[in-house]
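Open the model in your viewer, keep the sequence panel beside it, and follow the stops below in order. At each stop, select what is named before reading on.

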Amino acid sequence: MALTLQQLRVLVAVLEHRSFTRGAQAVYMTQSAASQHVRALEGALGTSLLERVGGEVSPTRAGEALAGFARDILRLASDAERHVAAL
C-alpha cells in the first residue's frame with residue numbers, strides 16, 4: 001500500500017495538536033477516520049508512529065522521522081498545485 005497525502009496530513013495534524021480528536025477536527029474528519037488513517041500508515045510501514053498515553057499523543061522515533069518528511073511532502077504538493085494553477 002502506498003502512503004497518501006491525506007494520511008500524511010492526518011499524521012501531521014494529530015501530532016501538531018497532540019490529540020486524535022483535535023487533529024481530526026483540524027482536517028475536517030471524525031476521530032475514528034483519523035485513527036484509521038494512522039493505523040493504515042502504521043500497517044503499511046510495519047511500525048508504530050504514535051504513542052498514546054493518557055489522552056495525549058506523542059511521536060515515536062519513526063513517527064517523528066515520518067512527520068518531518070510528511071511536512072516537506074505536503075509543502076511540495078502545495079507548491080506544485082500553486083505553480084500549475086498559475087500557468
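Begin with the whole chain, which is a predicted model, and consider how its parts are brought together: residues 24 or more positions apart account for 53% of the contacts in the chain with a separation of 6 or more. A single pair illustrates this kind of distance along the sequence, so to speak, if you select T4 and A70, which are 66 residues apart in sequence and 10.0 Å apart in space, taken from C-alpha to C-alpha. While T4 is still selected, notice that this residue lies in the segment before α1, and that T4 is partly exposed, because its relative accessible area is 36%, a value between the cut-offs of 20% for buried and 50% for exposed.

Now switch to a cartoon view and colour by secondary structure, where you should find 4 helices and 2 strands, arranged along the sequence in the pattern α-α-α-β-β-α.

Next, select residues 50–53, which are strand β1, together with residues 56–59, which are strand β2; the two strands run antiparallel and are joined by 4 bridges. Within this pair, look across from E51 and you will find S58 of β2 standing opposite. Where does the chain turn between β1 and β2? The two strands form a hairpin with 2 residues between them, and G54, in the turn, has a positive phi of about 55°.

From the strands, move to the interior, and keep in mind that in soluble globular proteins nonpolar side chains tend to be buried together. The largest nonpolar core here has 21 residues, and the members to select are V10, L11, F20 and L50, which touch the most other members. Two or more residues of this core come from each of α1 (5–17), α2 (20–26), α3 (31–45) and α4 (61–86), with α1 giving the largest share, 7 residues. Stay with V10 and show its surroundings: leaving aside residues up to four places away in sequence, V10 touches V27, M29, A34, H37 and V38.

Finally, zoom out and view the chain as a whole. Of its 87 residues, 33% count as buried, and the accessible surface comes to about 5400 Å², of which 56% belongs to carbon and sulfur atoms. Turning the C-alpha trace along its principal axes, you will see spans of about 50 × 25 × 20 Å. The radius of gyration of the chain is 13 Å, which agrees with the value near 12 Å that a compact globule of 87 residues would have.

Key: Residues are numbered from 1 along each chain as its sequence is written. This is a predicted model: local features need pLDDT of at least 70, side-chain atom pairs count only at pLDDT 80 or more; totals for chains, interfaces and linings use all residues. Side-chain values use heavy atoms; hydrogens and water are left out. A nonpolar core is a set of buried Ala, Val, Leu, Ile, Met, Phe, Trp, Tyr and Cys residues joined through side-chain atoms within 4.5 Å. Buried means under 20% relative accessible area, exposed over 50%, partly exposed in between (1.4 Å probe, protein chains only). Contact means heavy atoms within 4.5 Å. Two strands pair if DSSP finds at least two bridges between them. The radius of gyration is taken over C-alpha atoms; the globule rule is 2.2 Å times the number of residues to the power 0.38. Accessible areas come from the Shrake-Rupley method with a 1.4 Å probe; for residues, only the protein chains shown count as cover.
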